[in-house]
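Please look over the sequence and the 3D model shown here before reading on. The report after it is written for someone who has not seen this structure before.

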Amino acid sequence: MNWMKNLPNQLTVSRIILIGVFVLLANIDASKINFVYISPTVSHVSHVIAYIVAIIAGITDWFDGYLARKYKCESDFGRLMDPLADKIFIVATFVMFSDYRIIPAWIVVIVIAREFMVTGLRLLALKDGIVISADKSGKIKTALQMFALLIAGAGWVNVFNIADPVIWNLWYALILIVMFVTLYSGVSYFVKNYKLFLNKF
């Protein structure tokens with residue numbers, strides 16, 4: 001059963017690899033300046049595959065945590081790398097969708113700033129031998145971000161016309177909700193762990 005104990009961590013690492021595949025495929029675009037000609041068909045197929053890869057990466061996020069809890073094989077590596085892999089996934093996908101003007105750049109800046117600050121807090125905690133796992137607000141934030149990215153990706157691959165005024169307004173409202181939850185989650189980490197940095201100024 002050793003392979004089962006290592007499976008959650010392997011899924012976490014695979015998520016990071018899948019993110020690289022997503023970014024590579026997402027950049028194959030007929031509307032951008034490329035060194036070689038890319039047809040619209042190749043571009044669209046690449047984006048659809050990238051979207052599927054992103055969904056698979058998102059599924060591994062749920063699956064590795066589920067397996068770790070079910071088989072009681074949670075580890076310090078998983079507690080540290082799982083949220084880190086989530087951050088890499090979120091940052092990569094948000095930046096890519098910002099590049100395609102689906103997510104406003106200013107919201108991406110806020111999301112990335114929050115992720116860097118919480119990561120910095122975790123690194124500070126590690127110096128004191130403390131591992132900060134994702135709390136409830138962090139998990140809700142991640143779930144909302146994943147849902148928003150699922151919607152953004154569907155519009156990106158033309159499942160629906162995200163540029164339609166009604167759809168765009170609904171989408172913008174959703175992304176604003178995600179932003180506020182993201183900010184709340186970040187602040188809650190610092191409030192709960194204020195003692196870690198209180199005496200380090």
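The sections below describe a predicted model, taking up its salt bridges, a glycine, a surface patch and a helix in turn.

## The salt bridges

The structure holds 4 salt bridges. Several of the residues involved belong together: K87, R114, E115 and K141 are linked in a network of salt bridges. E115 takes part in three pairings that can be described one by one, with K87, with R114 and with K141.

In the pairing of E115 with K87, the side chains meet at 2.8 Å, taken from N to O. E115 belongs to helix 4 (residues 105–127) and K87 to helix 3 (residues 76–99), so this salt bridge ties together parts that lie 28 residues apart in sequence. The side chains of R114 and E115 also meet, with an N to O distance of 3.1 Å. For K141 and E115, the closest N and O atoms are 3.2 Å apart. That pair links distant parts of the chain, since K141 sits in helix 5 (residues 136–156) and E115 in helix 4, 26 residues away.

## Burial of the network

Are the charged residues of this network buried or exposed? E115 has a relative accessible area of 3% and is buried. K87 counts as buried because its relative accessibility is 8%, under the 20% cut-off for burial. K141, at 4% relative accessibility, counts as buried too. R114 is likewise buried, as is its partner E115.

## G155 in helix 5

Helix 5 also holds G155. This glycine is buried, with a relative accessible area of 6%. Which residues does G155 contact, leaving aside its neighbours within four places in sequence? The contacts are with F160 and I162.

A further distance places G155 relative to W168. The two residues are 13 apart in sequence, and their C-alpha atoms are 9.9 Å apart in space.

## A nonpolar surface patch

On the surface, I55, I59, W62, F63, F147 and L150 form a nonpolar patch, and together they have about 570 Å² of accessible area. Helix 2 (40–70) and helix 5 are the elements that give two or more residues to this patch. The largest share, 4 residues, comes from helix 2.

F147, one of the patch residues, is found in helix 5. F147 counts as partly exposed because its relative accessibility is 42%, between the limits of 20% and 50%.

## Helix 6

Helix 6 covers residues 165–192, which is 28 residues. From its first C-alpha to its last, helix 6 reaches 41 Å, close to the 40 Å expected at 1.5 Å a residue. Which residue caps the N-terminal end of helix 6? The cap is D164, with a side-chain oxygen 3.1 Å from the backbone nitrogen of V166.

A number of residues along helix 6 are buried. Among them are the nonpolar side chains of W171, L174, I175, V178 and M179. The buried residues also include T182, S185, G186, S188 and Y189.

How values were computed:
Residues are numbered from 1 along each chain as its sequence is written. This is a predicted model: local features need pLDDT of at least 70, side-chain atom pairs count only at pLDDT 80 or more; totals for chains, interfaces and linings use all residues. Side-chain values use heavy atoms; hydrogens and water are left out. The expected span of a helix is 1.5 Å times one less than its number of residues. Buried means under 20% relative accessible area, exposed over 50%, partly exposed in between (1.4 Å probe, protein chains only). A polar contact is a pair of N or O atoms within 3.5 Å; within protein, one must be able to donate a hydrogen and the other to accept it, and residues adjacent in sequence count only if both atoms are side-chain atoms. Contact means heavy atoms within 4.5 Å. Patches are made of residues with over 30% relative accessible area and no salt bridge: like charges are joined within 9 Å, nonpolar side chains (Val, Leu, Ile, Met, Phe, Trp, Tyr) within 5 Å. Accessible areas come from the Shrake-Rupley method with a 1.4 Å probe; for residues, only the protein chains shown count as cover.
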